[in-house]
Amino acid sequence: MNPKLLILLAWVFYLLERRTSDEIWLFCMVSSCVLAVCAYFYKRDDRSDPSAKKAKDA
């Protein structure tokens, strides 16, 4: 997933939670934030060291 999209979704869920005070939007916001952090670090780790990836494939 794209971290920017997940952050945008978290922001939308935050606005919905503030407007309705429903706990489901809070859960969606927190889960979206956790997924955004995981996607960011996965993307960063995937790009960081191409030489290690070649050694792992061989």
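What covers the buried residues of helix 2? That was my starting point with this predicted model, and I worked outward from there.

**Entry 1: overall layout**

I went through the secondary structure before anything else. I count three helices and zero strands, and along the sequence the pattern reads α-α-α. Of the 58 residues in the chain, 16% count as buried. I also looked up the surface: the chain exposes about 5,000 Å², with carbon and sulfur atoms supplying 65% of that area.

**Entry 2: helix 2 and its cover**

Back to my opening question. The cover over the buried residues of helix 2 includes helix 1. I listed those buried residues of helix 2 as C28, M29, S32, A36 and A39.

I then checked the length of helix 2. It has 26 residues, and at 1.5 Å a residue they should span 38 Å. The C-alpha atoms at its ends are 38 Å apart, so expectation and model agree.

**Entry 3: S32**

I picked S32, which sits in helix 2, for a closer look. Is S32 buried or exposed? S32 has 4% relative accessibility, so I put it down as buried, the cut-off being under 20%. Which residues does S32 contact once its neighbours within four places in sequence are left aside? I found L6, L9, A10 and F13.

**Entry 4: the loop and S21**

Next I went to the loop between helix 1 (3–20) and helix 2 (23–48), where S21 lies. The backbone caught my eye here: S21 is not a glycine, yet its phi is positive, about 55°. I noted S21 as exposed because its relative accessible area is 53%, and exposed means over 50%.

**Entry 5: the nonpolar patch**

I turned to the surface again and looked for nonpolar side chains. M1, L5, L8, L9, W11, V12, Y14 and L15 form a nonpolar patch there. Together they have about 770 Å² of accessible area.

I went through three members of the patch one by one. M1 is in the segment before helix 1. With a relative accessible area of 70%, M1 is exposed.

V12 belongs to helix 1. Its relative accessibility is 35%, so V12 counts as partly exposed. I took a distance from V12 to W25: they are 13 residues apart in sequence, and their C-alpha atoms are 9.1 Å apart in space.

Y14 is in helix 1. I have Y14 as partly exposed, at 35% relative accessibility. For Y14 I took the distance to F27, which is 13 residues away in sequence and 9.8 Å away in space, C-alpha to C-alpha.

**Entry 6: cysteines**

Last, I looked at cysteines. How buried or exposed is C28? I have C28 at 19% relative accessibility, and since the cut-off for buried is under 20%, C28 counts as buried. C38 is partly exposed, with a relative accessible area of 47%; partly exposed ends at 50%, above which a residue counts as exposed.

How many disulfides are there? A disulfide is a covalent bond between the sulfur atoms of two cysteines. I required a pair of cysteine sulfur atoms within 2.5 Å, and by this rule I count zero disulfides.

**Wrap-up**

To close the page, I went back to the opening question: helix 1 is included in what covers the buried residues of helix 2, and S32 in helix 2 has L6, L9, A10 and F13 among its contacts.

Definitions and conventions: Residues are numbered from 1 along each chain as its sequence is written. This is a predicted model: local features need pLDDT of at least 70, side-chain atom pairs count only at pLDDT 80 or more; totals for chains, interfaces and linings use all residues. Side-chain values use heavy atoms; hydrogens and water are left out. Buried means under 20% relative accessible area, exposed over 50%, partly exposed in between (1.4 Å probe, protein chains only). Helices (H or I, at least four residues) and strands (E, at least two) are DSSP runs, numbered from the N terminus. The expected span of a helix is 1.5 Å times one less than its number of residues. Contact means heavy atoms within 4.5 Å. Patches are made of residues with over 30% relative accessible area and no salt bridge: like charges are joined within 9 Å, nonpolar side chains (Val, Leu, Ile, Met, Phe, Trp, Tyr) within 5 Å. Accessible areas come from the Shrake-Rupley method with a 1.4 Å probe; for residues, only the protein chains shown count as cover. A salt bridge is a side-chain nitrogen of Lys or Arg within 4 Å of a carboxyl oxygen of Asp or Glu.
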